[in-house]
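Open your viewer, turn on the cartoon view and keep the selection tool at hand. We will go from stop to stop, picking residues and looking at what is there.

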Amino acid sequence: MHNSHSSKLLVRLLLLFALVTVISIAILTKWGFDELTAQTEKDSHANPSEANGFNFALSAKDAQIQRLKQEVLTLRTQILLLQNNHSGHNALPGRLPPLPPPLPAAGPSGSSTNFNSSNSGVPGTQLHETTVAALTHHYDCSSYIRKQVGAAEILHGLPLNNEYEMMPFNHFTFTRVYPIDLGLGKRVVEKPIGYRRRDLLEAVNKALESLNRNHTARAKAKGGLALNDVAKYTLDDFVEGIYRTEPTTGSQYELYFQSIKHQTNVVRKALIMRPFAPLQTVQLSEVAPSAVIHVIVPLAGRLRSFRSFMQMFGQLSDRRLQLIVVYFGESGLKEAQSLAAGSERVQLLALNETFSRAKALRLGAEHIETGKGAEDALLFMCDVDIVFTAKFLERCRWNAAAGKKVYYPVVFSLYNPHVVYTLQGKQLPSEEEQLVISRDTGFWRDFGYGMTCQYRSDFLQIRGFDEEIVGWGGEDVMLYRKYVRSKIKIIRATDPGIFHRWHTKVCTSSLSADQYRACIRSRALNEASHAQLGFLAFQDEIAAASAMSVSVGGTSRS
C-alpha cells in the first residue's frame with residue numbers, strides 16, 4: 001500500500017514538473033520569437049549581407065527551448081514506463097525501474113546521438129525504444145529540413161554557371177495561374193485545379209497560420225487587447241503570389257497579404273517553402289514603403305510610339321513616378337521635347353550621336369537626383385513599346401531590394417493586331433482594348449530581358465551594360481547574366497501588368513550573324529500565333545477551297 005502511494009506521488013510530481021516546463025517553453029517561445037524577429041530585422045537593415053537562409057537557425061535561446069522540449073518528452077516516457085510497470089505488477093516492492101536517459105541535444109551537424117538499449121530485461125523497455133526511435137527520427141527530419149531551406153535560393157541569391165540554370169517564378173492568384181514553362185499549344189493563363197490548386201492553397205494557409213500567430217503574439221506583448229479582439233488575416237486578404245520549384249530543394253512561395261476588413265495600406269509578405277517535407281515559414285516581413293520609381297526610356301525617332309507611351313504614362317494614378325527619356329539624334333527631337341514638356345515628371349536628355357540602348361540606360365541612371373539622405377534610386381529600365389499598369393509598378397517595388405534582389409518580369413508580347421483581328425474578319429479594337437492575355441493575342445516573352453526593376457547601386461556595382469555592343473539586342477542579356485552569376489537574387493516571373501506592343505521590326509544586313517538570327521526569330525515570334533501563321537501560310541489554299549465550296553453550292557442549287 002505504501003509503495004502504491006509512493007508511486008502515485010512520484011507520478012504526480014513528474015506531471016507537475018512537466019507542466020511547469022511546458023509553461024516555461026510557452027513563455028520563452030513567446031518572448032523569444034518577438035526578440036528573434038526584431039533582432040533579425042534590425043540585423044538585416046544594418047548588414048544586408050548577413051541576412052541569409054539561416055535567419056531561423058537556432059540561437060542560444062532556441063537551443064534552451066529545444067532542451068526543455070526534450071526533457072518534457074523524456075518525462076512523458078518516464079511516466080508511461082511507471083504506469084506500465086504499475087499496471088503489470090512487475091516491479092520489486094519499494095523500487096522503481098531504471099529511468100531512460102535524457103535525450104541528447106542535436107549536435108552541430110543536426111544528427112542525434114545513437115541510443116544503446118541494453119536494459120532489455122526491464123519492463124517497458126520496448127516502449128522506451130519505440131519512443132526514442134520516433135524522437136530521433138523527428139530531430140533528424142528537422143535537421144534535414146533546416147539544411148534544405150539553407151541550401152535553397154529563397155532568402156539570398158546563389159551564383160550560377162549560366163542563365164539556363166535560373167529557375168523562374170510563376171505568378172498566381174486564387175483564380176488564375178500564369179505559367180512560365182510554356183511551349184506551342186500551351187495555355188498562357190489557366191485556372192489552378194487539382195494538385196496545383198491544393199498545393200497553392202496549402203501554401204497560403206500555412207502563411208496565414210504563421211502571420212496570425214505572429215500577429216497575435218505581438219498584440220499580446222503590447223497588451224490591452226483581448227485574444228478575440230486581435231484582427232486575423234483570412235483567405236480574402238490574400239492578394240497574389242509567385243512560386244517556383246527547385247529540383248534539389250523544393251517549392252518556394254512568395255505570398256502577399258493586405259487586410260480588407262481594416263482597409264490598411266500595410267502589405268505583409270510571407271516566404272514559404274516546401275522542402276519536399278512539411279512547409280516551413282522562412283521569414284515574415286513588412287513590405288518597405290513605396291519608393292519613387294525612375295523610368296528610363298531610350299529613344300531615337302519612333303514619335304508615334306512615344307506619343308502613345310506618354311498618353312499611357314499620363315493616365316497612371318501612381319504619382320511616385322519619374323520618367324527620363326534619353327533621345328538620340330536631331331531628327332524629331334523638337335517634337336519629342338514638346339511631348340515631354342507636357343508633364344513635370346518627365347525629363348528629356350538629348351544626345352547627338354548613334355543610338356545605344358546601353359549608354360542611354362547608364363546615362364539615365366547617373367542623371368537621377370535623389371533627395372537628402374537618399375543615395376539610392378529604384379530604376380525601371382523600359383522601352384517605348386511597353387505598356388504597364390499601376391499594379392506592375394507595385395510589383396516592381398515589391399520585387400526589388402538594394403543589395404538583395406532585382407526584378408526581371410516576363411512581359412506579355414502582343415501579336416500583330418492586323419493578323420489577330422483584321423485578317424480574321426474582326427474589327428480592330430482600340431489600343432487599350434488590345435491588352436488581353438490569351439493564346440491568340442500574344443505570348444510570354446520568356447527570351448526577353450530588357451525590362452527590369454533594380455536599384456542604381458546594384459546596377460553600378462555590377463558594372464552595368466556592355467556599351468561596346470552596337471545595334472539591335474544583346475546588351476540586356478549580358479546584364480542579366482551578370483546578375484545570374486552574382487549573389488543577388490533574381491525575381492523572374494510572369495507579370496500580367498506589363499505588355500509589349502507589336503511594331504514593325506527591320507533586321508538590317510549590318511547586324512552580326514547572331515544578332516540577325518535573333519532579330520528574325522523575334523520578328524517571327526512577334527507576328528502571330530502558330531495557328532494564325534498557319535492560316536497565313538495556307539492563305540491561297542484556304543481561298544481556293546472557299547471558292548470551290550461556293551461554286552459547288554451554286555451548281556447544286558441550279
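A nonpolar core is a set of buried Ala, Val, Leu, Ile, Met, Phe, Trp, Tyr and Cys residues joined through side-chain atoms within 4.5 Å. Keep in mind as you look around that this is a predicted model.

**Stop 1: the core**

Begin by selecting L323, F380, F388 and F392, the residues with the most contacts inside the largest nonpolar core, which has 49 residues. Now colour helix α5, residues 303-315: this helix gives the most to that core, with six residues. In soluble globular proteins, nonpolar side chains tend to be buried together.

Next, zoom in on F380. Which residues does F380 touch, not counting those up to four places away in sequence? The list includes I293, H294, V295 and I296, as well as F388, F392 and M451. Two cysteines, C396 and C453, are also among the residues that F380 touches. Apart from the largest core lies another one, of 26 residues; to find it, select I296, F459, F465 and I488, which are among its members.

**Stop 2: the disulfides**

A disulfide is a covalent bond between the sulfur atoms of two cysteines. How many disulfides does a search of the whole structure find? It finds two.

Select C396 and C453, and show their side chains. They form a disulfide, with sulfur atoms 2.1 Å apart. The torsion about the S-S bond of C396 and C453 is about -120 degrees, so this disulfide is left-handed. C396 sits in helix α8 (residues 390-398) and C453 in strand β14 (residues 452-455), so the pair ties together parts that are 57 residues apart in sequence. Both C396 and C453 are buried.

Move on to C507 and C519, which are joined by a disulfide with an S to S distance of 2.1 Å. The link of C507 and C519 is left-handed too, with -85 degrees about the S-S bond. Here C507 lies in the loop between β15 (489-500) and α12 (513-527), while C519 is in helix α12, so the pair ties together parts that are twelve residues apart in sequence. C507 counts as buried because its relative accessibility is 13%, below the 20% limit for that label. C519, at 0%, counts as buried as well.

Before you leave, click on C382. Why is there no bond between C382 and C453? The sulfur of C453 is the closest cysteine sulfur to that of C382, but at 9.1 Å it is too far for a bond. C382 is buried, with a relative accessible area of 0%.

**Stop 3: the rings**

The structure holds 22 aromatic pairs. Show Y256 and W398 as sticks: their ring centres are 4.2 Å apart and their planes are at 15 degrees, so the pair is stacked. This pair links distant parts of the chain, with Y256 in strand β4 (residues 250-257) and W398 in helix α8, 142 residues apart. Y256 is buried at 3% relative accessibility, and W398 is buried at 9%.

For another geometry, pick Y408 and Y480. Their rings form an edge-to-face pair, 4.8 Å centre to centre with 75 degrees between the planes. Y408 belongs to strand β12 (residues 405-414) and Y480 to helix α11 (residues 475-484), 72 residues apart. Add R492 to the view and you will find its charged end over the ring of Y480, 5.8 Å from the ring centre.

To see an aromatic cluster, select F172, F174, Y233, F238, Y243, Y253 and F257 together.

**Stop 4: the charged pairs**

Side chains of opposite charge can pair when their charged atoms come close. The count of salt bridges comes to 22. One of them joins R274 and E202, whose closest N and O atoms are 2.8 Å apart. R274 is in strand β5 (residues 268-274) and E202 in helix α4 (residues 194-222), 72 residues apart. Are R274 and E202 buried or partly exposed? R274 is partly exposed, at 22%, and E202 is partly exposed, at 42%.

Return to helix α8 and select E394 and K391, which form a salt bridge with the closest N and O atoms 2.9 Å apart. They lie three residues apart in helix α8, about one turn of the helix.

For a last look, select E153, R244 and E246, which are linked in a network of salt bridges.

Key. Residues are numbered from 1 along each chain as its sequence is written. This is a predicted model: local features need pLDDT of at least 70, side-chain atom pairs count only at pLDDT 80 or more; totals for chains, interfaces and linings use all residues. Side-chain values use heavy atoms; hydrogens and water are left out. Buried means under 20% relative accessible area, exposed over 50%, partly exposed in between (1.4 Å probe, protein chains only). Helices (H or I, at least four residues) and strands (E, at least two) are DSSP runs, numbered from the N terminus. Contact means heavy atoms within 4.5 Å. A disulfide is a pair of cysteine sulfur atoms within 2.5 Å. Rings of Phe, Tyr and Trp (its six-membered ring) pair if their centres lie within 6.5 Å; planes under 30 degrees apart count as stacked, over 60 as edge-to-face and the rest as tilted. A charge sits over a ring if NZ of Lys or CZ of Arg is within 6 Å of the ring centre and within 35 degrees of the ring normal. A salt bridge is a side-chain nitrogen of Lys or Arg within 4 Å of a carboxyl oxygen of Asp or Glu.
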